[in-house]
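Let's take a relaxed walk through this model together. Have a look at it first, and then we'll go from the ligands to a couple of backbone oddities.

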Amino acid sequence: MTWKWVYTKQTQKNAKKLAYDGAKRLQPRISMTPIEAKNLPVSEVACSNCQACCCRLEVVILTDTGVPERYIEVDEWGGETMRRLEDGWCSALDRDTLMCSIYENRPLICREFEMASDECLTERAASM
Ligand code: SF4
Ligand code: SF4
């Protein structure tokens, strides 16, 4: 006696249901609930959107980087600082672009003053 698979409508229905249940089980459980964004920066801290706040600070010249003499002030003890003008800014600051006009020769302190550092944020908060 030989057994023969009888492919009835019911068999077809069962097969479809099994396939559907299997696929459903394999679906990843993804939650689509929106998440509230917090602690986003209010605005980007960059020299390009700053009023050159750090160029109002006293800049002591510690090493010879080739700052032209006309920008240097020498105190009574021979100490050198960047000369500042009446408006409070360093004399080497280009007033039109608010960029350093002696960038390649700027003092060491200017080179080490980091954008977005605590000092930078303090100066921005005080002047802007
Ligand atoms: S380093 Fe900071 S304070 Fe100085 S110009 Fe750039 S953003 Fe402004
Ligand atoms: S030397 Fe340049 S970077 Fe330094 S304080 Fe003056 S303008 Fe600013």
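Which residues are around ligand 2? Keep in mind that you're looking at a predicted model. The ones around ligand 2 are Cys55, Val59, Met82, Cys90, Ala92, Leu93, Cys100, Ile102, Arg106, Pro107 and Cys110. Sort that shell by class and you get 10 nonpolar residues, no polar ones and 1 charged.

Now hop over to ligand 1. Around ligand 1 you'll find Val45, Cys47, Cys50, Ala52, Cys53 and Cys54, along with Phe113, Met115, Cys120, Glu123 and Arg124. The shell around ligand 1 splits into 9 nonpolar and 2 charged residues, with no polar ones.

On to the backbone. Most residues other than glycine have a negative phi. Leu98 isn't a glycine, yet its phi is positive, about 55°. You can spot Leu98 in the loop between β3 (93–94) and β4 (99–100). Is Leu98 buried, partly exposed or exposed? Leu98 counts as partly exposed because it has 15 C-beta neighbours inside 10 Å, and that status covers counts between the cut-offs of 12 or fewer for exposed and 20 or more for buried.

Ala116 is another one to look at: this residue is not a glycine either, but has a positive phi of about 70°. Look for Ala116 in the loop that runs between α2 (108–112) and α3 (118–127). Why does Ala116 count as exposed? It has 12 C-beta neighbours inside 10 Å, and a residue with 12 or fewer is classed as exposed.

Methods. Residues are numbered from 1 along each chain as its sequence is written. Chains are lettered from A and ligands numbered from 1 in the order in which they are written. This is a predicted model: local features need pLDDT of at least 70, side-chain atom pairs count only at pLDDT 80 or more; totals for chains, interfaces and linings use all residues. A residue is near a molecule or strand if its C-beta atom, placed from the backbone, lies within 6 Å of it. Ala, Val, Leu, Ile, Met, Phe, Trp, Tyr, Cys and Pro count as nonpolar, Asp, Glu, Lys and Arg as charged, and the others, Gly among them, as polar. Helices (H or I, at least four residues) and strands (E, at least two) are DSSP runs, numbered from the N terminus.
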